[in-house]
Amino acid sequence: MSETPLLRVENLKFKYQNTGGKGSDREVLHGLSFTVERGEYVAMLGHNGSGKSTLAKLCMMILDPTEGHIFVDGVDIADPELTDAQVLAVRKKVGMVFQNPDNQMVATMAEEEVAFGPENLGIPSAEIRQRVDEALKAVGMSEYAKKEPSRLSGGQKQRIAIAGILAMHPDCIFFDESTSMLDPQGRKDVMEIIDRLNREDGVTIIHITHDMNEAARAKRVMVLHEGNFVMDGTPEEVFAQPEKLDACRLTVPQCTQVMYRLKALGFEIGDRVTTPEDCAEAIRSLLGSGEVRHG
Ligand SMILES: Nc1ncnc2c1ncn2[C@@H]1O[C@H](COP(=O)(O)OP(=O)(O)O)[C@@H](O)[C@H]1O
Ligand SMILES: [Mg+2]
């Protein structure tokens, strides 16, 4: 018995049309096929220009496929016969948080910003109030409800942007390098929210990132290279192949390499080993546990 995948992409090709100049009408996605099941936590890696944002925009119906199909919960989103109700249903299911929080803020008050999405979906106002309060609470921003977004830090703005998506009650959220412009605290806060949405609320996550340590927090890592998926597996499987990642111009931090190699050898290593200090601690505890004998 197999459930309909939340996202099914079939032979997806895409060309930007009429962009003029060099590279116009060049195909940037060359026939992608993959599925993402409900509740998955996927990290998408890829060097600049590999097509990650293009893919996300196609799944969000911001762009239309040149060829191939995208099914959201079984509905072909490029079908020209889709009714308005079907389009709205798809828009409710998939949300996206972008890289630059400043470009996402339109309202003068944080709570108005959060209400914007559900308003567009035609949700009754009493329910919007409740959704906004819940969403602000979920990202730890309740006390900022009346604040002006432009006065918030990057991380806080991004949390407001996430609340705006959450208020639409999506099944799936794309995060397109949503932490890359944030300071370390902002990144940490946003990463914790992403992890928790998946773990506790079962939200399907597709996290586009350059950061290997962030990618390692997902349960599945997909690597896009020049418009093709070249790797797809658990973080252990993907990070155990640094040469292949290198060929995609992605560098795995050395401590991550060491940890994944140890894991691949069967040693017990925690999931949150991301810094050289964590790495040293993990090795120390392996030595201490007698799992590794030195001498
Ligand atoms: N609006 C656009 N018009 C023309 N080409 C574009 C446009 N946006 C992106 N591209 C090109 O498409 C390719 C993939 O870009 P993109 O999806 O943004 O990659 P990524 O998000 O992985 O960095 C790149 O070669 C980029 O130059
Ligand atoms: Mg991008």
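This report walks through a predicted model of one protein chain, from its overall build to some of its residue pairs.

## The whole chain

Let us start with the overall picture. The chain has 295 residues, and a compact globule with that number would have a radius of gyration near 19 Å. The value for this chain is 20 Å, which agrees with the globule rule. Along the principal axes, the C-alpha atoms fill a box of roughly 70 × 50 × 45 Å.

The secondary structure consists of 11 helices and 10 strands. How much of the chain is buried? Of the 295 residues, 46% count as buried. The accessible surface comes to about 14800 Å², and carbon and sulfur atoms make up 48% of that area.

You can also ask how far along the sequence the contacts reach. If we take the contacts with a separation of 6 or more, 64% of them are between residues 24 or more positions apart.

## Inside: two nonpolar cores

Now look inside. The largest nonpolar core has 50 residues, and those with the most contacts within this core are Ile162, Leu197, Val223 and Phe239. Helix H5, residues 154-166, gives the largest share of this core, with 6 residues. A second core, separate from that one, has 32 residues, including Leu12, Phe14, Leu29 and Ile70.

Leu197 is a good residue to click on. Which residues does Leu197 touch, leaving aside its neighbours within four places in sequence? Its partners are Ile162, Leu166, Ile173, Phe175, Gly202, Val203 and Ile205.

## A covered helix and a buried histidine

Helix H1 runs over residues 52-59 and is mostly covered, with 6 of its 8 residues buried. Those buried residues are Lys52, Thr54, Leu55, Ala56, Leu58 and Cys59. Just after H1 comes Met61, which takes a positive phi of about 65°.

His225 belongs to strand E9, which spans residues 220-225. Is His225 buried or exposed? Its relative accessibility is 18%, and residues under 20% count as buried, so His225 counts as buried. Apart from neighbours within four places in sequence, His225 is in contact with Ser50, Val230, Ala247 and Cys248. Gly49 is 176 residues away from His225 along the chain, yet their C-alpha atoms are separated by 8.6 Å.

## Charged pairs

Side chains of opposite charge can pair when their charged atoms come close. How many salt bridges does a search of the whole structure find? The search gives 22 salt bridges. Here are some of them, with the N to O distance for each pair.

| Pair | N to O distance |
|---|---|
| Asp73 and Arg38 | 3.1 Å |
| Glu40 and Arg220 | 3.0 Å |
| Arg129 and Glu111 | 3.0 Å |

Take the pair in the top row, where Asp73 forms a salt bridge with Arg38. Asp73 sits in the loop between strands E4 and E5, and Arg38 in the loop between strands E2 and E3, so this pair ties together parts that are 35 residues apart in sequence. Asp73 counts as partly exposed at 24% relative accessibility, and Arg38 counts as partly exposed at 37%.

The salt bridge of Glu40 and Arg220 links distant parts of the chain, 180 residues apart: Glu40 is in the loop between E2 and E3, and Arg220 is in strand E9. Arg220 is buried, with a relative accessible area of 13%.

In the salt bridge of Arg129 and Glu111, helix meets helix: Arg129 is in H4 (residues 125-138) and Glu111 in H3 (residues 110-120), 18 residues apart. Arg129 counts as partly exposed at 39% relative accessibility, whereas Glu111 counts as buried at 10%.

Some salt bridges share partners. In this way Glu3, Arg38, Asp73, Lys93 and Asp171 are joined into one network.

## Outside: a nonpolar patch

Finally, turn to the surface. Val258, Ile283 and Leu287 make a nonpolar surface patch of about 190 Å². Val258 is found in helix H10, residues 254-264. With a relative accessible area of 37%, Val258 is partly exposed.

Definitions and conventions
Residues are numbered from 1 along each chain as its sequence is written. Chains are lettered from A and ligands numbered from 1 in the order in which they are written. This is a predicted model: local features need pLDDT of at least 70, side-chain atom pairs count only at pLDDT 80 or more; totals for chains, interfaces and linings use all residues. Side-chain values use heavy atoms; hydrogens and water are left out. A nonpolar core is a set of buried Ala, Val, Leu, Ile, Met, Phe, Trp, Tyr and Cys residues joined through side-chain atoms within 4.5 Å. Buried means under 20% relative accessible area, exposed over 50%, partly exposed in between (1.4 Å probe, protein chains only). Helices (H or I, at least four residues) and strands (E, at least two) are DSSP runs, numbered from the N terminus. Contact means heavy atoms within 4.5 Å. Patches are made of residues with over 30% relative accessible area and no salt bridge: like charges are joined within 9 Å, nonpolar side chains (Val, Leu, Ile, Met, Phe, Trp, Tyr) within 5 Å. Accessible areas come from the Shrake-Rupley method with a 1.4 Å probe; for residues, only the protein chains shown count as cover. A salt bridge is a side-chain nitrogen of Lys or Arg within 4 Å of a carboxyl oxygen of Asp or Glu. The radius of gyration is taken over C-alpha atoms; the globule rule is 2.2 Å times the number of residues to the power 0.38.
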